[in-house]
Amino acid sequence: MDQSGNFKILNLGEMALTRLDSRCLYTLLICMAFGSTLSSNAEINVNAPQDFEIVDPGYLGYLYLQWQRPLSLDNFKECTVEYELKYRNIDSENWKTIITKNLCYKDGFDLNKGVEAKIRTLLPGQCTNGSEVQSSWAEVTYWTSLQGNLGTKIQDMDCIYYNWQDLLCSWKSGMGVHFDTNYNLFYWYEGLHHALQCADYIKVNGKNIGCRFPYLESSDYKDFYICVNGSSESEPIRPSYFIFQLQNIVKPLPPDYLSLIVKSSEDISLKWNMPRGPIPAKCFIYEIKFTEDDTTWVTTTVENEIYIARTSNESKRLCFLVRSKVNIYCSDDGIWSEWSDEQCWNGDILKKASLFFLIPFALISLLVSLVTCLVLYNQKDLLKTAFQTKKEVFSHQETQC
């Protein structure tokens, strides 16, 4: 019994030692493989891109960020090298991040502020034993020439794209600028070969205070860049830069041909025609101002018709007007049109007007009927008398014969 029991204990111990040795061996092999990978990756280095720079082609804020391939890529000729690019206007909270295989990237910036960017090289895992390798960052900044004091910049720049057809911008002169100061506007959008100067200035006392733009072909849904700079013999003038998307500053015409129909004692139908011009019907949203006996509320609809329930069947006066704006399906924002002309329904006035005209009309109709009857009656008597006279004459002639 003792020998048999001892034999079993020793056998179990050997089995435990065998399992422990196997686990240690597996762990050791995994550690060796992982350590080999780490050591092999640690030996792979890549340089940052060369000649990283920001180039201003003169497009009023549309800049080129460009660079060259890094040195020492001979060992990775078969690999697809990528670049991680980050950029922003200085003082902006967020970086924009782009992963690209190209050696150039273009985007728009607010040139009233500086621009900063950084870039690094990325080697994919298939070229580096499974793990991505990154270079250090290459960094660059860019500032446009900001001559002149801040107070010499224009004020209250306002641009409106009327009815998606006519762009008009206006501004006010800077604070305390010399009387000989005058401003000039330049603009550019993708599709133009170079920046253009305003050809139709709005002037007051010989000074430029705005610009009427010509027809802008293929300018929608693109960044529209504007620079307003100035000149003065007394001091340099600080330029101002702006970026718009024209579909976001559209101000349509107001709707027209309004109609208000009281269908029953409770239901009212309001209708109108969409504004004239090139804006598609699907791009409109409408705001209606409805008044019932001087009680007013405002509602919105995307349709060309709306039904409203009367709050009182005794309403004596119902009026509404409507205005339009480009909706979120065609722009990020828009500008409300002017209000349309007011369209009203006057219940009691119409009744009184009907009675006022109906009673005299009825009396006149009755009088005309009586006169007609009298005339016809008199004509009948005259005909009868004439016939009787002719009959007597004819009888007298027969007697003589």
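**Note on the predicted chain**

1. The chain exposes about 25600 Å², and carbon and sulfur atoms supply 55% of it. Accessible areas come from the Shrake-Rupley method with a 1.4 Å probe; for residues, only the protein chains shown count as cover. This is a predicted model: local features need pLDDT of at least 70, side-chain atom pairs count only at pLDDT 80 or more, and totals for chains, interfaces and linings use all residues. Residues are numbered from 1 along each chain as its sequence is written, and side-chain values use heavy atoms, with hydrogens and water left out.

2. Two helices and 24 strands make up the assignment (DSSP runs numbered from the N terminus: helices are H or I, at least four residues; strands are E, at least two). Of the 401 residues, 36% are buried (under 20% relative accessible area, 1.4 Å probe, protein chains only). Among contacts (heavy atoms within 4.5 Å) with a separation of 6 or more, 61% join residues 24 or more positions apart.

3. The largest nonpolar core has 44 residues. Such a core is a set of buried Ala, Val, Leu, Ile, Met, Phe, Trp, Tyr and Cys residues joined through side-chain atoms within 4.5 Å. L167, L185, F213, F224, I226 and L270 touch the most other members. Apart from this core lies another, of 32 residues, including Y59, L63, V115 and W188.

4. I226 deserves its own entry. Leaving aside residues up to four places away in sequence, I226 touches L60, M157, C159, C169, L185, F186, Y187, F213, S240, Y241, F242 and F244.

5. One open sheet has four strands in the order β12-β11-β15-β16, with antiparallel pairing (at least two DSSP bridges between two strands). β12 (196-197) and β16 (240-245) are the edges; each has a single partner strand, so one side of each lacks a neighbour in the sheet. Strand β11 (residues 182-189) is joined to β12 by two bridges. F186 stands opposite Q197 in β12.

6. The whole structure holds 19 aromatic pairs (Phe, Tyr or six-membered Trp rings with centres within 6.5 Å). For W272 and F320 the centres are 6.5 Å apart and the planes at 50°, so the pair is tilted (stacked is under 30 degrees, edge-to-face over 60, tilted the rest). W272 lies in strand β19 (residues 267-273) and F320 in strand β23 (residues 317-326), 48 residues apart. Both are buried. Elsewhere, ring pairs link Y59, Y62, Y64, W188 and Y225 into a cluster.

7. K118 serves two rings. Its charged end sits over the ring of W95, 4.8 Å from the centre, and over the ring of W137, 5.0 Å from the centre. The criterion is NZ of Lys or CZ of Arg within 6 Å of the ring centre and within 35 degrees of the ring normal.

Key:
Buried < 20%, exposed > 50% of the residue type's maximum accessible area, 1.4 Å probe, protein only.
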